[in-house]
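Trainee: I'm new to this structure and would love a close look at one part of it. Could you take me through the strands first, and then through what packs around them?

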Amino acid sequence: MNLEFAQSKEAWDGFLKENNGTFLQSYDWGEFRKEYQSVWRVMIQDQNQIQGVCQVMEEKSPLGKYLYLPHGPVAPSLNVRNELFRQVGHFIGVKHIGLKTEPLQDLTIGWRSHHRIQPQKTLISKIGQTPEEILESFDGKTRYNVRLAKRRGVQVKESKDYAAFSRLMEENSAHQGFHSYPGHYFERLLKYLEASLFLAYYQDQVIAGSIVVFFNSTITFLHSASNHQWGRLKAPYLVRFTAIEAARLKGCQRCNHWGISQQRFPGVTEFKKGFGGQELIYPTGRELPYKPVRFLTHYLAYWFLKKY
């Protein structure tokens, strides 16, 4: 089996869809990330048939650059996944201190990682065949709040107003103490991916919104924000319901609510659980050092800062 750089978007995404890959390994996500970092797409072939793929991105740290592989490698065979993980850094040929992955399926080589970039636990729900079926899959409180938002005059529309959404994200960031992105980040995301922005309006004011990504018959709620001064209107409930209904019309069958943690985000987690679904826990991340001393120092420093 040989490693090669991939050239065909159709073949790349086709293999991902056959093997339950997510948008983080999609061709378009790689094109989007090229605005900010180096990206390599590597596949392993046998007799001109793709056996596995991995899209790798270059990240920076004070101790040197390292490779990051979100939701990959993707391959039905454990041996192929391990082989891709083992070889990809050397195949790329650029000097890095190590490689970090957060896979969808188990690997059996490398250090076990104790810090994450992507959520380890998420919530996956099935999308009903009609709007009524979608509502019935929610719990009673969530159904009530969807209808309450409508009664109180909230309107949700698909929009291109990334600047308004960026302002919401900045307000949430200041209020809750998390990192947000500049407006051009959301503009480019909507440009490169099959993605949509849904905004909730009340009296011509934007009070909530979500950016969702469509890939492999799945809608993923990647970014969400709301104005807490209008919490009584329950706009985020109607935003999510409207986006899921739009996904149904696109032919999506699943909804990924993108990250839950009862310990770190209890309020957000309870909100998402109201929309139904099953919890999914991804395997532990793995890391391979290329320069062991520097990579271990980077690893311990990151772990320490996250913990304290």
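Mentor: Happy to; we'll begin with one sheet, follow a buried residue in it, and then visit a second group of strands and some helices. Please keep in mind that this is a predicted model.

Let's start with the open sheet. Seven strands build it, in the order 1-2-3-4-5-14-6, and their pairing is mixed. At its edges stand strand 1 (2–5) and strand 6 (111–112); each has a single partner strand, so one side of each is left without a neighbour in the sheet. Helix 1 (residues 9–18) lies across strand 2 (39–46) and strand 3 (49–59), and runs at about 100° to strand 3.

Now look at strand 4 (residues 66–70) and strand 5 (residues 98–102), which pair in the parallel sense over four bridges. Leucine 67 is found opposite leucine 99 of strand 5. Leucine 99 is a good place to pause. Its relative accessible area is 0%, and because buried means under 20%, leucine 99 counts as buried. What does leucine 99 touch, not counting residues up to four places away in sequence? Its contacts are Val56, Leu67, Tyr68, Leu69, Phe85, Val88, Arg286, Glu287, Leu288, Tyr290 and Phe295. One of these, phenylalanine 85, is 14 residues from leucine 99 along the chain, and their C-alpha atoms are separated by 8.4 Å.

Just before strand 4 comes a loop worth a glance. Glycine 64 sits in this loop, between strand 3 and strand 4. With 17% relative accessibility, glycine 64 also counts as buried. Leaving aside neighbours within four places in sequence, glycine 64 is in contact with Glu59, Ile97 and Arg294. The C-alpha atom of lysine 291 is 9.7 Å from that of glycine 64, although their positions lie 227 residues apart along the chain.

Next, move on to strand 11 (residues 218–226). This strand is mostly covered, with eight of its nine residues buried. Strand 10 (residues 205–215) pairs with strand 11 in the antiparallel sense, over eight bridges. Phenylalanine 215 has threonine 218 of strand 11 as its bridge partner. The hairpin of strand 10 and strand 11 has two residues between the strands, and there asparagine 216 takes a positive phi near 55°. Strand 11 is also joined to strand 12 (residues 254–256), this time by three bridges, and these two strands run parallel. Here threonine 218 turns up again, standing opposite arginine 254 in strand 12.

Strand 12 brings us to the cysteines. How many disulfides does a search of the whole structure find? The search finds zero. Cysteine 255 is in no disulfide, and the nearest cysteine sulfur, that of cysteine 252, is 9.0 Å away. Cysteine 255 counts as buried, at 0% relative accessibility. Cysteine 54 is buried as well, with a relative accessible area of 0%.

Finally, let's turn to the helices. The axes of helix 5 (residues 140–151) and helix 8 come within 8 Å and cross at roughly 100°. Helix 5 and helix 8 are therefore roughly perpendicular to each other. On the helix 5 side, the contact is made by Lys141, Thr142, Asn145, Val146, Ala149 and Lys150, and on the helix 8 side by Ala235, Tyr237, Leu238 and Phe241.

Phenylalanine 241, in helix 8, deserves a closer look. Is phenylalanine 241 buried or exposed? At 7% relative accessibility, phenylalanine 241 counts as buried. Apart from neighbours within four places in sequence, phenylalanine 241 is in contact with Pro131, Ile134, Leu135, Phe138, Val146, Lys150 and Phe275. Phenylalanine 138 is 103 residues away from phenylalanine 241 along the chain, and the C-alpha atoms of the two are separated by 9.6 Å.

Helix 8 has a further partner in helix 9. The buried residues of helix 9 (residues 266–273) are Thr269, Phe271 and Lys272. Seen down the axis of helix 9, its buried residues fall within an arc of 160°, so they line one face of the helix. These buried residues pack against strand 7 (121–126) and helix 8 (235–250).

Technical notes: Residues are numbered from 1 along each chain as its sequence is written. This is a predicted model: local features need pLDDT of at least 70, side-chain atom pairs count only at pLDDT 80 or more; totals for chains, interfaces and linings use all residues. Side-chain values use heavy atoms; hydrogens and water are left out. A disulfide is a pair of cysteine sulfur atoms within 2.5 Å. Buried means under 20% relative accessible area, exposed over 50%, partly exposed in between (1.4 Å probe, protein chains only). Two strands pair if DSSP finds at least two bridges between them. Contact means heavy atoms within 4.5 Å. Axes are lines fitted to C-alpha atoms, for helices over the stretch in contact, and angles run from 0 to 180 degrees between N-to-C directions. The arc is that of the directions from the helix axis to the C-beta atoms. Angles under 35 degrees count as roughly parallel, over 145 as roughly antiparallel, 65 to 115 as roughly perpendicular and the rest as oblique.
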